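Visitor: I'd like a close look at one part of this protein, the helices, and then at what lies around them. Could you walk me through it slowly?

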Amino acid sequence: MKNSKRNQISHYSIPLLFAVGLSICSINSAGAEVTFVPVTRDVDGQTLLVHAGRISLQLDSLEGARRLAGQYSAKFVHFRRTSEHMGITCGYFQLDAPARTAAELTELVRKLGAERGVRYAGYDHQIHLADRTVPNDPDYGELWGMEKIEAPAGWDIHTDAGDVVVMVLDTGIDYTHPDLAGNMWVNPDETPGDGIDNDDNGWIDDIHGIAPGADVPGDPMDTFGHGSHCSGTVGAVGDEGVGIPGVCWQVQLMACNIFAAGAGSMTSSVPHCMEYAMAMKEAGHNLVVTSNSWYGYPSDPNVEAAFQAAGEMGMVHVCCAGNLSQDNDDPETAVYPAALELESIVTVISSDPDDQKSDFSNFGKTSCDLAAPGSDVYSTTPGGYEEKSGTSMATPHVSGALALLASKLGTDDIPDLKERLLDSVDPVAGLTDYCVSGGRLNLRQLLEAAGDADSDADGDTDADSDTDADGDTDSDADGDTDTDSDADSDSDADGDSDGDADTDSDADGDADADSDSDSDSDSDSDGDSDSDADGDNDDDDAGDDTSGGCGCGTIGSAPLGNIRQLFVPLM
């Protein structure tokens, strides 16, 4: 039966494609430059890359093919055995001069298709391997969420955000976990274990981040397991044959343990983390994303100010919507930082395997941005792996996606990153009334839309990821990113990075256990932030008690109490 139609091939018209755009791109393969133009199919809107220098052909005769080749300044490449089998002449034209635009190539295809003796003229379009980019991590099959967001197709495009730092504000990270250790951010200016504040930033031995309020403030080891779970979704090392992959196979995970040593978290811990993040960004670390799987209410102005300041430095804050099945559009039930009206905040609700809002998830038609998988998510925990559910689990999917996007574009332009994120979601009927975009994260669409996009007007992807008129990422009025800043990123009235305005070092050179924001961390006329009456975030302060927590279950072996404690890690 297969051969019964060998001589019934009819004269084909141009394939169902139409040309779009005027740009071309060049790809080097084995040393040879190949030029492609984008062409969009009119049947499904999918964009293909087609070869600008080749026209695929089927003709009545080899003589006719050679005649037309001379007429169109081309070489005919003949598929001789195929032609003999089919009883027609099959091959393609290799043009002496590739088409300059998609429209020009389309017109050439049309003209050839109308020539006498031509049965078919069409594009030589790019093909892809039939399998997807699925890592060899043995537990990948447990990650239904990665399939739902089309991560494998996204990974065909980009897997490596190793040039991007993501700060995870949570219960810390198990930086010794075999699936996380390789992607931990490392402070290059600190010497591990020497008990000295080598980089003079007020934090001793802050190798992987900090833990404000902890007995050892420079050690952000995970105290409960929640932070490691979220971090695994952002960036467990991918394709190395261990455990699972994160959304980013390579990324730099910076830890800030705001629930250190089991203490009820204080609002002051959060600005400490943001101060640290800003200091490290000023010091040259490409910190673009903060991941926040926690909430509190009411809103704290210092927390809002810290988020705003970090956002203006080029950090996007991905925040969970909350697990109370409440409307964040309602000021009476809204949780923070999710409901803060800041351009730099992306708020994530949780979706289930059926693309419905998870029954526990908060929502908000105007205050929540998009959904991501959050029910029964499998990820890393200290000593192993576990399944957890919550908007906490949805949030790091988006954090990882934004890190990949920022890496691909080479930018920290927050409005641009956020717009691209929301424009690329999968619209889902079950989510229409629950978030701004009415859709769920789609990694493939996010990265496909990024293409080879440039991050500035001159068309180049600049290493400095410029965000202002002169093209530089400025941190002060003169437009320069000063390298002599103390990396303490103060919050005093003069706005300078002064040595007295961050986590202080006392006379003996050690970082004080109170990890204050300046010499006394006060929220008074000098413009600095306090957390208690004397201005210190001391270990003996009443606000550092261990009686608080949340009503959303247990983290590790620690029971959690009243849900109206200030900040709650979400499971």
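Guide: Sure, let's start with the whole chain. The protein chain has eleven helices and 22 strands, and what you see is a predicted model. Of its 571 residues, 55% count as buried. The accessible surface comes to about 23500 Å², and 48% of that belongs to carbon and sulfur atoms. If you take the contacts between residues at least 6 apart in sequence, 66% join residues at least 24 apart.

Now zoom in on helix α3, residues 102-113. This helix has twelve residues, and the distance from its first C-alpha to its last is 16 Å, close to the 16 Å expected at 1.5 Å a residue. Which residues of α3 are buried? They are Ala102, Leu105, Thr106, Leu108, Val109, Leu112 and Gly113. These residues cover an arc of only 160 degrees around the axis, which puts them on the same side of α3. There's a handy bit of background here: an α-helix has 3.6 residues a turn, so residues three or four places apart point the same way.

Next, have a look at helix α9, residues 391-409. With 19 residues at 1.5 Å each step, α9 should span 27 Å, and its end C-alpha atoms are indeed 27 Å apart, which agrees. How many of the residues of α9 are buried? The count is 18 of the 19, so α9 is largely enclosed by the rest of the structure. Right after α9 comes Gly410, with a positive phi near 65 degrees.

Speaking of phi, most residues other than glycine have a negative value, and most peptide bonds are trans. Here are some spots worth checking against that. Ser73 is not a glycine, yet its phi is positive, near 55 degrees. You'll find Ser73 in the loop between α1 (62-71) and β5, and with a relative accessible area of 42% it is partly exposed. Asp239 is another residue other than glycine with a positive phi, near 60 degrees. Asp239 sits in the loop between α6 (226-235) and β10 (250-257), and its relative accessible area of 37% makes it partly exposed. As for peptide bonds, the one from Tyr336 to Pro337 is cis, with omega near 10 degrees. Pro337 belongs to the loop between β13 (316-320) and β14 (345-351).

Let's finish with the rings. A pair of aromatic rings is described by the distance of the centres and the angle of the planes. This structure has nine aromatic pairs. One of them is Phe79 with Tyr92, a tilted pair at 5.8 Å centre to centre, with 55 degrees between the planes. Phe79 lies in the loop between β5 (74-78) and α2 (80-86), while Tyr92 is in strand β6 (residues 89-95), so the pair ties together parts that are 13 residues apart in sequence. Are these two partners buried or exposed? Phe79 counts as partly exposed, at 39% relative accessibility, whereas Tyr92 is buried, with a relative accessible area of 16%. The cut-off for buried is under 20%.

Two more ring spots to find on screen: Tyr140, Trp155 and Trp249 form one aromatic cluster, and Lys357 lies over the face of Tyr434, at 5.4 Å from the ring centre.

Conventions. Residues are numbered from 1 along each chain as its sequence is written. This is a predicted model: local features need pLDDT of at least 70, side-chain atom pairs count only at pLDDT 80 or more; totals for chains, interfaces and linings use all residues. Side-chain values use heavy atoms; hydrogens and water are left out. Helices (H or I, at least four residues) and strands (E, at least two) are DSSP runs, numbered from the N terminus. The expected span of a helix is 1.5 Å times one less than its number of residues. Buried means under 20% relative accessible area, exposed over 50%, partly exposed in between (1.4 Å probe, protein chains only). The arc is that of the directions from the helix axis to the C-beta atoms. Rings of Phe, Tyr and Trp (its six-membered ring) pair if their centres lie within 6.5 Å; planes under 30 degrees apart count as stacked, over 60 as edge-to-face and the rest as tilted. A charge sits over a ring if NZ of Lys or CZ of Arg is within 6 Å of the ring centre and within 35 degrees of the ring normal. Contact means heavy atoms within 4.5 Å. Accessible areas come from the Shrake-Rupley method with a 1.4 Å probe; for residues, only the protein chains shown count as cover.
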